[in-house]
Amino acid sequence: MEGGRIVAVGQSVQEDELVGLYDVVTAKGERNRGLATALATELLRRAHEDRAAIAYLQVSADNIAARHVYRKLGFADRYAYWYRSEPGPAGSLSA
């Protein structure tokens, strides 16, 4: 929070020694100030205090800004993922 405004949010979920980072988002006008890095660092610090030893997250391959933050924190790609759907009628887009 800054000046009563939310500028960055995120959450972590811990189970035993595992902690996952989720939904780390910085307000559009507040980006490139290190807020996501600071927030993720704090989430990881708190999890470490609670005995977490392994952290994980999922980020889209094209989210360059987020991938940069996570690389700075020591995260690395382990595998790629994709979504599959049934083909729709010719010429249509299926969700």
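Modeller: Two strands are taken to pair when DSSP finds at least two bridges between them, and that cut-off is the one to hold against the sheet of this predicted model.

Colleague: What makes β2 and β3 a pair of strands, and which way do they run?

Modeller: Three bridges join strand β2, residues 18-26, to β3, and since at least two are required, β2 and β3 count as paired, with a parallel run. Within this pairing Leu18 stands opposite Ile54 in β3. Helix α1, residues 35-49, packs on the sheet and touches β1, β2 and β3, its direction making about 155° with that of β2.

Colleague: How do you know that β1 and β2 pair, and in which direction do they run?

Modeller: Seven bridges join β1 to β2, where at least two are asked for, so the two strands pair, and they run antiparallel. One position to look at is Gln11, which stands opposite Tyr22 in β2. The connection between β1 and β2 is a hairpin with two residues between the strands, and Asp16 in the turn has a positive phi of about 55°.

Colleague: What is the order of the strands, and what is the pairing called?

Modeller: The three strands form an open sheet in the order β1-β2-β3, and the pairing is called mixed. β1 and β3, the latter spanning 54-56, stand at the edges with a single partner strand each, so one side of each has no neighbour in the sheet. Neighbouring strands of this sheet are turned against each other by 25° on average, with direction ignored.

Colleague: Which residue of β3 is the bridge partner of Gly20, and what is the handedness of the β-α-β crossover?

Modeller: The bridge partner of Gly20 in β3 is Tyr56. The chain crosses from β2 through α1 to β3, and this β-α-β crossover is right-handed; the name rests on the path from the first strand over the helix to the second running clockwise when the strands point away from the viewer.

Colleague: Why is Ile6 classed as it is, buried or exposed?

Modeller: The relative accessible area of Ile6 is 53%, and because the class of exposed residues begins over 50%, Ile6 is called exposed. Ile6 is found in the segment before β1, which covers 8-15. Leaving aside residues up to four places away in sequence, Ile6 touches Met1 and Ala27. Ile6 and Ala27 are 21 residues apart in sequence, while their C-alpha atoms are 7.7 Å apart in space.

Colleague: And why does Glu30 fall where it does, buried or exposed?

Modeller: Glu30 has 13% relative accessibility, and because buried means under 20%, Glu30 counts as buried. Glu30 is found in the loop between β2 and α1, and, not counting residues up to four places away in sequence, it touches Glu2, Arg5, Val7 and Leu35.

Colleague: What makes the class of Glu42 what it is?

Modeller: Its relative accessibility is 27%, a value between the limits of 20% and 50%, so Glu42 counts as partly exposed. Glu42 is found in helix α1; from Ala8 it is 34 residues away in sequence and 12 Å away in space, C-alpha to C-alpha.

Colleague: What is the phi of Asp23, and what is the phi of Arg51?

Modeller: Most residues other than glycine have a negative phi. Asp23, although it is not a glycine, has a positive phi of about 55°, and Arg51, likewise not a glycine, has a positive phi of about 75°. Asp23 has its place in strand β2, whereas Arg51 lies in the loop between α1 and β3. With 53% for Asp23 and 68% for Arg51, and with the cut-off at over 50%, Asp23 is exposed and Arg51 also counts as exposed.

Colleague: How much space lies in the largest pocket, and how many residues line it?

Modeller: About 1,200 Å³ of space lies in the largest pocket. The largest pocket is lined by 38 residues, among which Leu57, Gln58, Val59, Ala66 and Tyr70 lie nearest its centre. Two or more residues of the lining come from each of β2, α1, β3 and α2, the last covering 64-72, and α2 gives the largest share, eight residues.

Notes. Residues numbered from 1 in each chain as written. Predicted model: local features only at pLDDT ≥ 70, side-chain atom pairs only at ≥ 80, totals over all residues. Heavy atoms only, no water. Helix = DSSP H or I, 4+ residues; strand = E, 2+ residues; numbered from the N terminus. Buried < 20%, exposed > 50% of the residue type's maximum accessible area, 1.4 Å probe, protein only. Contact = heavy atoms within 4.5 Å. Axes fitted to C-alpha atoms, helices over the stretch in contact; angles between N-to-C directions. 1 Å grid on protein atoms, 1.4 Å probe; cavity = no way out; pocket = protein on both sides within 12 Å on 5 of 7 lines; lining within 4 Å. Points joined across faces, edges and corners; volume = space filled by probe spheres on them.
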